[in-house]
Amino acid sequence: MTSAEIRKKFLEFFQSKGHSIVPSAPIVIKNDPTLLFTNAGMNQFKDYFLGNKKPPHTRVADTQKCLRVSGKHNDLEEVGVDTYHHTMFEMLGNWSFGDYFKKEAIAWSWELLTEQYGLDKNRLYVTVFEGDKKEGLPKDEEAYDEWKKWIPEERILLGNKKDNFWEMGDTGPCGPCTEIHVDCRTDEERKKIDGKTLVNNDHPQVIEIWNNVFIQYNRSKDSSLEPLPAKHVDTGMGLERLVRVLQGKQSNYDTDIFTGTINSICQLGNKIYYSSPQSIEQENSNIAMRVISDHIRAVSFCIADGQLPSNTGAGYVVRRILRRAVRYGYSYLNMNEPFFFKLVPILAKQFENVFPELLSQLNFVETVIKEEESSFYRTLSSGIRKFKNYTIEANSQLSGGYVANINDDESTKREYIETQTKYFELRSNKIVAGEFAFELYDTFGFPIDLTNLMAREIGWKVDMGAFEIALQKQKSRSRAATAIDTEDWIVLDDQSQNQFVGYDSLETKTKIIKYRKVKAKGKEAYQLVLASTPFYAESGGQVGDTGVLTIQHSPFNIFDTKKENDLIIHFAETLPDDVSGEIIAKVDAPKRKSTAVHHSATHLLHAALRQVLGNHVAQKGSLVNAEHLRFDFSHFAKMTDEEISKVETLVNEKIRQNIPVVIKEMPKEEALKLGAMALFGEKYGDVVRVVVMDPNYSVELCGGTHVGATGELGFFKIEHETAVAAGVRRIEAVCGLAAEKYVNEKLGQIQSISESLKNPKDIHKSIENLLTENNELKKHIEHLEARQLVTVRNELLQKDEIINQINFIGSVIEVSSADALKKLCFDLKNHLRDFVVVLCANIGGKPFVAISIADNVSAAKNFDASKIIKEHIAPLIKGGGGGQKTLATAGGQDASNLSSVIDKVKSLL
């Protein structure tokens, strides 16, 4: 069977068992502060397990795009090195929400694997939770007894809490699980070693293919467990492993899921994928191809679902995965120019009938990846250059040119000098300092394994202990910055449902159904859930509402509203002592109105961009609040002034037409037939909300708040148009009162300029005349300065003295800029041989120094201008500096020791 047939059979099987087949959720997570990516099939169903939402179907099945780069067996650095773990993978799953339980789940698992897929029953093993006395958890006798109906007891293995008890997190729904493992070894190997001894022991041919989780408990903050009123089934089976088993392969990468991509990599690099590598070089080549074929999937689908590479959060993970793939191609396949993006069309075609969002955004995804690749190749070149400087030049400038800052305190300067000394000592022993390797990794994005590889090639090694310490310190800082201590929910009413009523009303009578205390960055706050709320929770780019809750005549502020999955959570700094009883919830109406104005404006803007620039324009992100709007969209060139003007004109035309904003709810398929634009990376239900501003102009799926008619927007003005990433532009604009304020500020600036220019008739012409005059005066000053420097140079040449056969010039001179000192050094170089020159100047009360040394003197005497500046001059002037061996400069705070600077350099001679 092909992978497509295997996937299809799974879905058809569970459809025959009364399951509704649902689409995959986006791989990028929104509205869940605990996750960046979908890492399991159950993520999109969390609200059902938590009881926050009632499921539309009690039985569902799907194939879900997942991404894992950390955790059990999912270290990114191991993906591709072995043959059975991945970053992105497909998780086949079936779920029961309070419907069937262990009996049916186990029976159907066995039926599908053995009767439908035809797996050899004698090669299968199952694990069951053995219980945990410390937790007071019994053995899962029910699952054990159900398995006895299908498989001999000797192949039913007991597993500990680590392997056979699943938990959503530190708190929340959890329960025992039963895993199904398959022994893929040859018959000869199976005779030698019993397969049950290899289960859950990281054997590459005895692997888990399916996990059935039975969610029957809830874990509280105090770690206690309580039985859930409704029991659920959550199963997950990795498609890649299943296909490998059914296709009889020894590696996931030998299946038809990956062979097409690997063949394309071979063609791009003119390489061979070795079935039996005979050398380290061949194995490294194979690993590189596996890494690339895996990572292109993760990167492509993340970008297609709306996550662009960046330096933070989920974007950083995408960038890290992409760079790892490119680095492997660069290091082991001699890929010295962008190649990764060329694999996207093969992938898009492969998944067009499963995940069509990639094919529909093919050009965009290719462009983003190509630009990101090109940027990383520049980073690689820079990193290699820094590495070579570090290892080749014994006294080279370190840390990317960093020098001690003149404002640094004494401890910082001391730490800097100690670091430089340590680097020098390590290099003497051919060791790359771990701190330097980490700086390459963290600041410049240079992979540590490439640093290791380059070190080995020249007989050096990296101090990995120090690197790991620096890495862990960074991780600890990151965790501390984002750590949130969340207490258990205090439930006041477990019957009421969390309902949003804010489309129709900004004030309502309600009650608190649960609340909890949270602490982040040393500050305490409270999170509240109301039975019904007019407060809009941050989503779809629109910020959350603020306002006031009043209970028993005591008001307290809500400073933000967010979603946790589909649960609307209100944030308050304080709570009254008594939170029971009726509450009046009131939204800040003016702020909501201004926000709605900007949200409606984004719809008009989106449609205008598509008319002016073309239908390739698609929303890639947005922010709307009371002050302004920010709209990111796919486009491959900077907008011209004419294009910006056309967009503004079109939007303002639609505003003046005062078009009614019509909002309807309808089935998703019906909305799409009407031409409604859906955003990639957004999760939509079966019934969607459609916002229409003229059926022939703007029809979008949107859950945000809007005005009643476009005339309420007043006026629209674009402030900026900039680049965000490859193929993504950003417009920042204002509407309504914010636009009025913006225009008034600009008019005020123009009036102020006019008054400064004595109110000329033509301001533009006056400014042009001023700029012309300014440029002419600059040229005149430069000419005078050049003549002055010639005079100073001639005077300095008269001061030449011989010290130990070296021509030495040292002088405190009067110049107008630090740059003039360097110019003089360059000029003197043409008139001297075998020289050392030190020039000092007091410019505006601040000391500046330049040291120039002839190439032959530097080499013969081992003189280093940069080292002299750092070690001898910087302390005298209370400053810092650096440069090259033959020319270095410094600046500082204390100009009283300039004569001592000259004496110090002279003493070194």
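With which residue does Asp-120 form a salt bridge? The partner is Arg-123, and the closest N and O atoms of the pair are 4.0 Å apart. The model is a predicted one. Asp-120 is partly exposed, because its relative accessibility is 35%. Arg-123 counts as buried, because its relative accessible area is 19%, and buried means under 20%. The pair does not stand alone: Asp-120, Arg-123, Asp-187 and Arg-190 are linked in a network of salt bridges.

Now step back to the whole protein. The chain has 909 residues, and buried residues make up 50% of them. Its secondary structure comes to 26 helices and 36 strands. Along the principal axes, the C-alpha trace spans about 105 × 80 × 60 Å. The protein exposes about 42900 Å². Carbon and sulfur atoms supply 48% of that area. Consider contacts between residues at least 6 apart in sequence: 68% of these join residues at least 24 apart.

Next comes the interior. The largest nonpolar core has 118 residues. Seven members touch the most others: Phe-10, Leu-113, Trp-147, Trp-210, Phe-340, Ile-369 and Val-432. Which helix gives this core its largest share? Helix α9, residues 280-304, supplies 12 residues. Look at Phe-340 for a close view. Leaving aside residues up to four places away in sequence, Phe-340 touches Ile-292, His-295, Ile-296 and Val-299. Leu-322, Ala-325 and Val-326 are also among its contacts. Ile-369 and Glu-373 complete the list. A second core is separate and has 43 residues. Cys-825, Val-836, Val-838 and Val-901 are among its members.

One helix shows what burial looks like along a whole element. Helix α16 runs over residues 448-457. Why is α16 largely enclosed by the rest of the structure? The reason is that 7 of its 10 residues are buried. They are Ile-448, Leu-450, Thr-451, Asn-452, Leu-453, Met-454 and Ala-455. After α16 comes Gly-459, whose phi is positive, near 80 degrees.

A charged residue can be buried too. Arg-241 sits in helix α7, residues 239-246. Arg-241 counts as buried because its relative accessible area is 18%, and the cut-off is under 20%. What does Arg-241 touch, apart from residues up to four places away in sequence? Its contacts are Tyr-84, His-85, Ile-207, Glu-208, Ile-209 and Asn-252. Phe-89 is 152 residues from Arg-241 along the chain, yet their C-alpha atoms are separated by 9.6 Å.

Return to the salt bridges. How many does a search of the whole structure find? The total is 42. One of them joins the side chains of Lys-65 and Glu-357, at 2.4 Å from N to O. Lys-65 lies in strand β2, residues 59-67, and Glu-357 in helix α12, residues 357-360, so the bridge ties together parts that are 292 residues apart in sequence. Both Lys-65 and Glu-357 are buried.

Another bridge stays within one helix. The side chains of Asp-819 and Lys-823 meet at 3.8 Å, N to O. Both residues lie in helix α23, residues 818-829. They are 4 residues apart, about one turn of the helix. Are these two residues buried or partly exposed? Asp-819 is partly exposed, because its relative accessibility is 40%. Lys-823 is also partly exposed, at 41%.

Cysteines come next. The structure holds 0 disulfides. Cys-66 is in none, and the nearest cysteine sulfur, that of Cys-302, is 11 Å away. With a relative accessibility of 0%, Cys-66 counts as buried. Cys-735 is likewise in no disulfide. For Cys-735, the nearest cysteine sulfur belongs to Cys-702, 15 Å away. Cys-735 is buried as well, at 2% relative accessibility.

Finish at the surface. Which residues make a nonpolar patch of about 240 Å²? Ile-753, Ile-767 and Leu-771 make it. Ile-767 belongs to helix α22, residues 763-797. With a relative accessible area of 33%, Ile-767 is partly exposed. That value qualifies Ile-767 for the patch, because patch residues need over 30% relative accessible area.

Methods: Residues numbered from 1 in each chain as written. Predicted model: local features only at pLDDT ≥ 70, side-chain atom pairs only at ≥ 80, totals over all residues. Heavy atoms only, no water. Patch = residues over 30% accessible without salt bridge, like charges linked within 9 Å, V, L, I, M, F, W, Y side chains within 5 Å. Areas by Shrake-Rupley, 256 points an atom, 1.4 Å probe, with all protein chains shown as cover. Helix = DSSP H or I, 4+ residues; strand = E, 2+ residues; numbered from the N terminus. Buried < 20%, exposed > 50% of the residue type's maximum accessible area, 1.4 Å probe, protein only. Disulfide = S-S within 2.5 Å. Core = buried A, V, L, I, M, F, W, Y, C linked by side-chain atoms within 4.5 Å. Contact = heavy atoms within 4.5 Å.
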